[in-house]
Structures are given as structure tokens and as C-alpha cells.
Amino acid sequence: TTTTPSRGPNHNQRGATLVVLMVSSTLAVMILAAVLSMFLFIGRTSANVINYAEMEAQARQGLETFAQDTRQASDLDWLSDSSVELTVNGAAVTYTFDTGAGTFSRTSAGTTTALIEGISSFTFSGYMITGASVNLADLTTAVKREAASDVTKQIQIYVLASRSSTTVTTATNTVLSARYILRNKRVSA
């Protein structure tokens, strides 16, 4: 008599087949791809939020500096439609928008400080004591600059600033300031 060796209780189990191995590998790759894309999305979003927050803080600080000087100014001289000189506590303080660099800067005692960078659009507006607009379109002569300077009692700034980086889309912020009143400047109606 011949006896066949018994295979034991697990004689029907075999190793993983090629099909099972391929399906599990495909599922693992899909899960890893989803995790990686979510990680990249969160990183890009974080960079965009940081850009926006920095831009917002810089615009707010720059406009606050301008507001303080404007409210204390005793006189104003329009140098151009993108530059104004304020007399603050007897000293000249010049605010200028540089179209080439896209910066709004403050110059006092020979020191220039960039207040807002990354500006794509900038507009100064002047207003009389009655609220009517001051014509800043033609400041080509000293007489026209002086006439506009004499009647200006309020100033408004419109700034469109943007920031971008290589990993995110451009973050754009529009800042429309309130009209700043030159409290210490005497103007007749």
C-alpha cells in the first residue's frame, strides 16, 4: 500500500496571483497620487494666502503713513498727477508713484522709503472744500500746479496692487482709500 502525504488543513491556499498584485499596486498608486496632489494644492494655496496677506499689510501700512502726513499737512503742492509734496510740521514730505518700478514712495529729509510695491494701477485725486474735483490732468506749468494746489482740501488714492510667484496664480488686491482731509490747510471756498 502506498500512502500519499497529507497536505494539511491549508492545502487549498496559494500565493498571491499576478492579477491581485496588479490591482493592489494600481490602488496604491492612485491613493499616493491623490495624497500628493492634495499636498501640492495645500502648498500652493498657502503660498497664495501668504502673498495676499503680505500685500494687504503693506498697502494698509502705506496708506496709514500717507493718512497721518496728510491730516497733519499745513500745505500741499502738486508736483505732477502722480506726485504731491506735503508740508508737515514745517518739513517737506513728498509722495510719488513711480510707474516704472510700480512703487508708491515717501521722501522726507532726503530719505526715500517705498511704502507699497507691485502696483499695476495708481491714481491720485484731489478735491476742493466743496467736494468738487480738482483738475490734475494739466499740471504742465507752475501757474496750473499752484492753482490746483491752492484749492485742494482733500486727497484720494486708488491703488491696484498684485503679487505673483512661480507656484501660484497672481494675488490681486484693490485698495480704494477714503478721502484724506488736509485738516491744517486753509482753503477758501
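Reader: Hi! Which residues does Thr 94 touch, not counting residues up to four places away in sequence?

Author: Happy to help: Thr 94 touches Leu 79, Ser 83, Val 84, Glu 85, Ser 105, Arg 106 and Thr 107, where a contact means heavy atoms within 4.5 Å. This is a predicted model, where local features need pLDDT of at least 70, side-chain atom pairs count only at pLDDT 80 or more, and totals for chains, interfaces and linings use all residues. Residues are numbered from 1 along each chain as its sequence is written, and side-chain values use heavy atoms, with hydrogens and water left out.

Reader: Is Thr 94 buried or exposed?

Author: Thr 94 is buried, because its relative accessible area is 15% (buried means under 20%, exposed over 50%, partly exposed in between, with a 1.4 Å probe and protein chains only). Thr 94 lies in strand β3, residues 91-98; strands are DSSP runs of E, at least two residues, and helices are runs of H or I, at least four, numbered from the N terminus.

Reader: How many helices and strands does the protein have?

Author: There are two helices and 10 strands, and along the sequence they follow the pattern α-β-β-β-β-β-β-β-α-β-β-β.

Reader: New topic: where does Leu 27 lie?

Author: Leu 27 lies in helix α1, residues 18-72. Leu 27 is partly exposed, with a relative accessible area of 48%.

Reader: And what share of the protein's residues count as buried?

Author: Of the 189 residues, 31% count as buried. As for contacts with a separation of 6 or more, 56% come from residues 24 or more positions apart.
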